[in-house]
Amino acid sequence: MGPGVDPAFARSVGRWLRAYPRRWRATRSDEITAVLADLAPAGARRLDLRSGLGLLGAGWATRWREHPPLLAYLGYVALELRLDPRYRDWARDDIEGPWFVVRRWLVAFAAVGAIAWLPVLGGDPPPVGLLTWWAPAMLLGIAALGGHWRTRMVARQLVVQPGERVTPSGRIPGVVARPRIEARSWLAAARVVALTVLALCAVVLATAPHRAGVVLDRAEVQLTSVPMSAGARALGFGLAALGVLAGVALARWAVGTRLRTWRPVPQPYRWVVPLGPHGRTRLAAGIGGGALLALAVPELAALLAFPLATVAAGALPVLAATRRVVAAGGTGAVSGVDVVRALRRQADRADTAVDGYLPAADWLRVGTVVPRPGDPVLADPAPGGAVERRR
Amino acid sequence: MAMRLTEQAYLVLLALADEPRHGYGVVQEVRGLSGGAVRLGAGTLYGILDRLVAAGYAEGSGEVVVDGRLRRYYRLTPEGHDALTAETARLTALTRRADRLLGGITRPGIA
């Protein structure tokens, strides 16, 4: 917002404007904030309750007005059916929202849960144990497949088809630069993972009554359960302490040199992006899934806690030193993959372009009907868009 | 896509009849046109503007920044002008009928 609106007032308005869809806020929030500032008494630092409630009602009315009908919505959510193109802008908001993959998970969870609980109607005992496995499996699924689900829905819902009108949210398949997570975001995420893993391992090592053991019996390998002795617990914490020492040594003598001497190559097909809400959702799901998995298989978790605690404890000083060098601008590493390559003393490699989606409005003006095969082509390309640039 | 004109939507269209106006300008004009009886809140105004634009009755006509505040102007389209004219004719006919009806009867008194 411009200097003409008090920042505190703009923040207050921004909170009420959350009632509106994201795409609406992206294009109109500055305008409506200016009108509200004009209407408010001079010196107002927050929006009055009456105006706020007005925004709340109007925002939800906007959401309701632009929402697909119930049946179409259920088809979209449950069966991924394509919505009518007039709801494409709504679909884009939904797909790009941070809750998209979570809702996708909940739908799958509900479907499998309903099938699994059907025998209860016939008098069978409820399959409560299913939750123990299903919840971590689905959380890990979000972490691993969240991006794939999103891309699949973009292809199905947002790509404009011949005969349809181009809208601001329309997409066309294309070859795009490869996205890579920006170094600071990547380091912050890695630190969260290392800290969480270390904390979980500490709890497991301190409290687990048993751990899995491996017994070699001639040609057979058997997994057994053995009690966690005080010595084993001490060994686990000792390994973690050793990990810290090794990490401190690496941070002191290797990290700075490796990062400073690492030479990046030009990356014309790279797009450095922050982790963002989608990445954070997947990160949280991965951590949550891992924690639930540890509860589901406590003895195996107790066995894995030994090496994991060592690695996580060693990673923390290395990550801290790396963050200092990156923040000071002492390295050419700008993305997470650069940091990994530099620390592993690997040479940089140029990324290649990947399949992706481009805004259709960069090809044809918004409102233009996409030509069908055989139609005269592109009489009205978007000004400054891809077609005009090529001419 | 035709749109049912409420009193507030009609007043917003009327406010845009003579010249393009920005949001605050529309609010002020509507207040003047209604003799102070209709005070549009920002939420109501933008709900109406969204529907008028979707119906093709109004359109954006540029934006300027004044004192650090973004002002986006809206103007009537030919379809909006037709709808406004038709609604005004309907209201005029209704007023005429109402006048005729009220002219022929006396005010009920208290028995």
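These questions and answers cover surface, packing, salt bridges and backbone in a predicted model.

Q: Which residues form a nonpolar patch on the surface with W60(A), and about how much accessible area do they have together?
A: The tryptophan W60(A) is part of helix 3 of chain A, residues 49-66. It counts as exposed because its relative accessibility is 52%, and exposed means over 50%. The patch joins W60(A) to L49(A), L53(A) and L56(A), and together they have about 420 Å².

Q: What covers the buried residues of helix 5 of chain A?
A: Helix 5 spans residues 88-96 of chain A, and its buried residues are R88(A), W90(A), A91(A), D93(A), D94(A) and I95(A). The cover over these residues comes from several parts of chain A, including helix 2 (22-39), helix 3, helix 4 (70-79), helix 6 (100-117) and helix 7 (129-158).

Q: At what angle do helix 4 and helix 6 of chain A pack?
A: Two packed helices are described by an angle and a distance between their axes. On the helix 4 side, Y73(A), Y76(A), V77(A) and A78(A) meet F100(A), R103(A) and V107(A) of helix 6 in chain A. The axes of helix 4 and helix 6 of chain A are 9 Å apart, and the angle is about 85°. Helix 4 of chain A is therefore roughly perpendicular to helix 6 of chain A.

Q: Which residue of helix 5 in chain A forms a salt bridge with R103(A)?
A: Side chains of opposite charge can pair when their charged atoms come close. R103(A) is one of the helix 6 residues that meet helix 4 in chain A. Its salt bridge has an N to O distance of 3.0 Å, and both partners are buried. The partner, among the buried residues of helix 5, is D94(A).

Q: Which residue of chain A forms a salt bridge with R69(B), and is that residue buried or exposed?
A: R69(B) lies in strand 3 of chain B, residues 69-76, and the pair crosses between chains to helix 2 of chain A. The closest N and O atoms are 2.7 Å apart, and the partner is D38(A). Because the relative accessible area of D38(A) is 16% and the cut-off is under 20%, D38(A) is buried.

Q: Which residues are joined with D50(B) into one network of salt bridges?
A: D50(B) forms a salt bridge with R65(A), with the closest N and O atoms 3.9 Å apart. The pair joins two chains, since D50(B) lies in helix 3 of chain B (residues 42-55) and R65(A) in helix 3 of chain A. D50(B) counts as buried at 14% relative accessibility, whereas R65(A) is partly exposed at 33%. Through salt bridges that share partners, the network joins D50(B) with R28(A), E31(A), R65(A), E63(B) and R72(B).

Q: How many salt bridges are there over all chains?
A: The pairs above include R69(B) with D38(A) and D50(B) with R65(A). Over all chains, the count of salt bridges comes to 28.

Q: Is E80(A) buried or exposed, and is R345(A) buried or exposed?
A: Most residues other than glycine have a negative phi. E80(A), in the loop between helix 4 and helix 5 of chain A, has a positive phi near 60°. R345(A) also has a positive phi near 60°, in the loop between helix 12 (336-343) and strand 6 (354-359) of chain A. With a relative accessible area of 8%, E80(A) is buried, while at 64% R345(A) counts as exposed.

Key
Residues are numbered from 1 along each chain as its sequence is written. Chains are lettered from A and ligands numbered from 1 in the order in which they are written. This is a predicted model: local features need pLDDT of at least 70, side-chain atom pairs count only at pLDDT 80 or more; totals for chains, interfaces and linings use all residues. Side-chain values use heavy atoms; hydrogens and water are left out. Patches are made of residues with over 30% relative accessible area and no salt bridge: like charges are joined within 9 Å, nonpolar side chains (Val, Leu, Ile, Met, Phe, Trp, Tyr) within 5 Å. Accessible areas come from the Shrake-Rupley method with a 1.4 Å probe; for residues, only the protein chains shown count as cover. A salt bridge is a side-chain nitrogen of Lys or Arg within 4 Å of a carboxyl oxygen of Asp or Glu. Helices (H or I, at least four residues) and strands (E, at least two) are DSSP runs, numbered from the N terminus. Buried means under 20% relative accessible area, exposed over 50%, partly exposed in between (1.4 Å probe, protein chains only). Contact means heavy atoms within 4.5 Å. Axes are lines fitted to C-alpha atoms, for helices over the stretch in contact, and angles run from 0 to 180 degrees between N-to-C directions. Angles under 35 degrees count as roughly parallel, over 145 as roughly antiparallel, 65 to 115 as roughly perpendicular and the rest as oblique.
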